[in-house]
Amino acid sequence: MQRKKSIPYCVTHYLTVQILLAETVFLLLKIHSKLPTEAVHMNIENGDFLLVSQLLNAIGNILQFDEENQVCTAVVGSGFANMNPALVVAMMEDQTLYLAAYAKEGLIKQYTAEKALKNIVDSLQMMEQEAE
């Protein structure tokens, strides 16, 4: 007499959850791709690239850091309760620090990119005042 093997409940439950998660991620990516991207740019004369890079490392996650070309890319929290991610790019060229922030905006505008740059500039000003 051969016994029929059944799949344990925990395995079927795990697989069901994984399928639901995959479907949810697919729908979120589809929705996310249709959201408009907000972009904000700013120039700072005689800015300090290394200071900005250290600040981005402190408040976010650095994705790319190129000291030779003086380019730093990071993801920082911004928007309501710092829950929305914003991509911030800092680039130094000819004694001018170029800052740019990019973020997706939903139906309710939270001005994520604008708040990210404002937070960085305010933090830089506080650091400069403390240094004086």
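A residue is called buried when its relative accessible area is under 20%, and in this predicted model that description fits Phe49, Leu51, Val52, Ser53, Leu55 and Leu56 of helix α2, which covers residues 49–59. These buried residues do not pack against a single partner: their contacts reach the strands β2 (60–66), β3 (71–78), β4 and β5, as well as helix α3 (112–131). At the start of α2, just where the helix begins, a side-chain oxygen of Asp48 comes to within 3.3 Å of the backbone nitrogen of Leu50.

Two of the strands that pack against α2, namely β4 and β5, also help to form the walls of an open space. The largest pocket encloses about 200 Å³, and of the 12 residues that line this pocket, Leu35, Asn84, Pro85, Lys104 and Glu105 are the closest to its centre. Strands β4 (84–93) and β5 (96–104) each contribute at least two residues to the lining, and β5, with three residues, gives the largest share.

Glu105, one of the residues closest to the centre of the pocket, is also among the residues in contact with Glu38, so named here as the next stop on the way through the structure. Glu38 lies in strand β1, which runs through residues 37–45. What surrounds Glu38, once its neighbours within four places in sequence are left aside? The residues in contact with Glu38 are then Ala101, Tyr102, Ala103, Glu105, Tyr111, Thr112, Ala113 and Glu114. With one of these residues, Thr112, there is a polar approach as well, since a polar atom of the Glu38 side chain lies 3.4 Å from the backbone nitrogen of Thr112.

Side chains of opposite charge can pair when their charged atoms come close. Glu38 is buried but has no salt bridge, and the nearest side chain of opposite charge, that of Lys109, is 7.7 Å away. Because a salt bridge requires a side-chain nitrogen of Lys or Arg within 4 Å of a carboxyl oxygen of Asp or Glu, the distance of 7.7 Å to Lys109 does not qualify.

Where, then, is a salt bridge found? The structure holds one, and it joins the side chains of Lys118 and Asp122, with 2.9 Å from N to O. Both residues belong to helix α3, and because they are four residues apart there, about one helical turn separates them. Lys118 is exposed, with a relative accessible area of 51%, while Asp122, at 31% relative accessibility, counts as partly exposed, whereas Glu38, which has no salt bridge, is buried.

Notes
Residues numbered from 1 in each chain as written. Predicted model: local features only at pLDDT ≥ 70, side-chain atom pairs only at ≥ 80, totals over all residues. Heavy atoms only, no water. Buried < 20%, exposed > 50% of the residue type's maximum accessible area, 1.4 Å probe, protein only. Lys, Arg positive; Asp, Glu negative; His and termini not counted. Polar contact = N/O pair within 3.5 Å; in protein donor to acceptor, adjacent residues only side chain to side chain. Contact = heavy atoms within 4.5 Å. 1 Å grid on protein atoms, 1.4 Å probe; cavity = no way out; pocket = protein on both sides within 12 Å on 5 of 7 lines; lining within 4 Å. Points joined across faces, edges and corners; volume = space filled by probe spheres on them.
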